[in-house]
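Reader: I'm new to this one. Could you walk me through how to read it, feature by feature?

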Amino acid sequence: MNITKVIIPAAGLGTRFLPYTKTIPKEMLPLGNKPAIQHIIEEGIQSHLKDFFIIISKEKKELRHYFEPNTALEATLESQGKLGLLDSIKTINQNSSLYYIEQPKPLGLGHAIMMAHEQIGSEYFGIMLPDDIMLSQDPGIGQLMNIARKEKASVIAVQEVPHHAVSSYGIVAIKEQINADIFEVKSMVEKPHPDDAPSTLAVIGRYVLSPTIFTSLQTLAQNHTRGELQLTDAIAHMMRNHNEKVYAYKIKGTRHDIGNPKGWIAAINDIATRESVI
């Protein structure tokens, strides 16, 4: 199984960071000396992903601009012998191809993923949510890719959450526990009431999925008349209607949810203790 493509949904409004996100995309929030989305793409590159499909809104021109080559700056750094800094700004373009797909309206994660159907085709692919920063020796999405290749099936990242917090996540029901960290998924439910949650294993922002997910997304979209199209519902549909196996994996490393200011500050503090600014 050759996995080389990944979707990064980045079209959200970033309302929790207003007024900052009125003019600057949330994905450009600084973490150390890099914007958040660069941490995401570097994780993908470390996992040997090549093609990055970034779902954006038309207002997020800064995302495109940030990753464009700056030949004048690069020439200056080279002439001054600042090769470490030069490498830091060239590494993305040297090791990956970035493509941008505009989502007309924020209609849910499932809709964002469906926007890249044509580009993904019939291959297994990754999904990386930029709100989730994973800090680990082994890159997060790469951990899932290894399991997907071994099992020849879809894999979703999960972590244990407190019982009272399950209503903020997609939660998995377990069919079989394979080992301490890997579970075959029976079903999934989006943001259940704590009394109705089948477990405390919460889906977080890393996935490797079969291309069959697009069939389920299209089916759900045809019957979808209001609200957002949820990826969790499509994964559940794919298992139920297409006999696709899905595994849940307790991803290794530290996860920071930077979708809110408190989580962003925690990520900054953690990264500051791990990395030195060039």
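Author: Sure. Keep in mind that this is a predicted model. Let's begin with contacts: leaving aside residues up to four places away in sequence, A153 touches M1, Y124, A148, K245 and Y247.

Reader: Where is A153 placed?

Author: A153 is in the loop between helix 7 (140-151) and strand 8 (154-160).

Reader: And is A153 buried or exposed?

Author: For that, look at relative accessible area: under 20% counts as buried. A153 has 3%, so A153 is buried.

Reader: How far is A153 from E176 in space?

Author: Their C-alpha atoms are separated by 15 Å, and the two residues are 23 residues apart along the chain.

Reader: Let's try M134. Which residues does M134 touch?

Author: Again setting aside residues up to four places away in sequence, M134 touches E43, I204, R206, I251, K252, G253, T254 and R255. M134 is found in strand 7 (residues 132-135). Its relative accessibility is 8%, so M134 counts as buried. You can also set sequence against space here: M134 and A267 are 133 residues apart in sequence, with 9.5 Å from C-alpha to C-alpha.

Reader: E43 was in that list of contacts. What can I say about helix 1 as a whole?

Author: A general idea for helices: an α-helix has 3.6 residues a turn, so residues three or four places apart point the same way. Now the case here: helix 1 (residues 36-46) has ten of its eleven residues buried, so it is largely enclosed by the rest of the structure. E43 is one of those buried residues, and among the others are A36, H39 and I45.

Reader: What follows helix 1?

Author: H48 does, and its phi is positive, near 70 degrees.

Reader: How many aromatic pairs does the structure hold?

Author: Four. To read one, check the angle between the ring planes: over 60 degrees counts as edge-to-face, under 30 as stacked. F17 and W264 are 6.0 Å centre to centre with 85 degrees between the planes, an edge-to-face pair. This pair links distant parts of the chain, 247 residues apart, with F17 in the loop between strand 1 (5-9) and strand 2 (30-31) and W264 in helix 10 (residues 261-274).

Reader: Why is the pair of F125 and F214 stacked?

Author: Because their planes are at 20 degrees, with ring centres 5.2 Å apart. F125 lies in strand 6 (residues 125-128) and F214 in helix 8 (residues 212-222), so the pair ties together parts 89 residues apart in sequence. F125 counts as buried at 0% relative accessibility, and F214 counts as buried at 0% too.

Technical notes: Residues numbered from 1 in each chain as written. Predicted model: local features only at pLDDT ≥ 70, side-chain atom pairs only at ≥ 80, totals over all residues. Heavy atoms only, no water. Helix = DSSP H or I, 4+ residues; strand = E, 2+ residues; numbered from the N terminus. Buried < 20%, exposed > 50% of the residue type's maximum accessible area, 1.4 Å probe, protein only. Contact = heavy atoms within 4.5 Å. Phe/Tyr/Trp six-rings, centres within 6.5 Å; stacked < 30°, edge-to-face > 60°.
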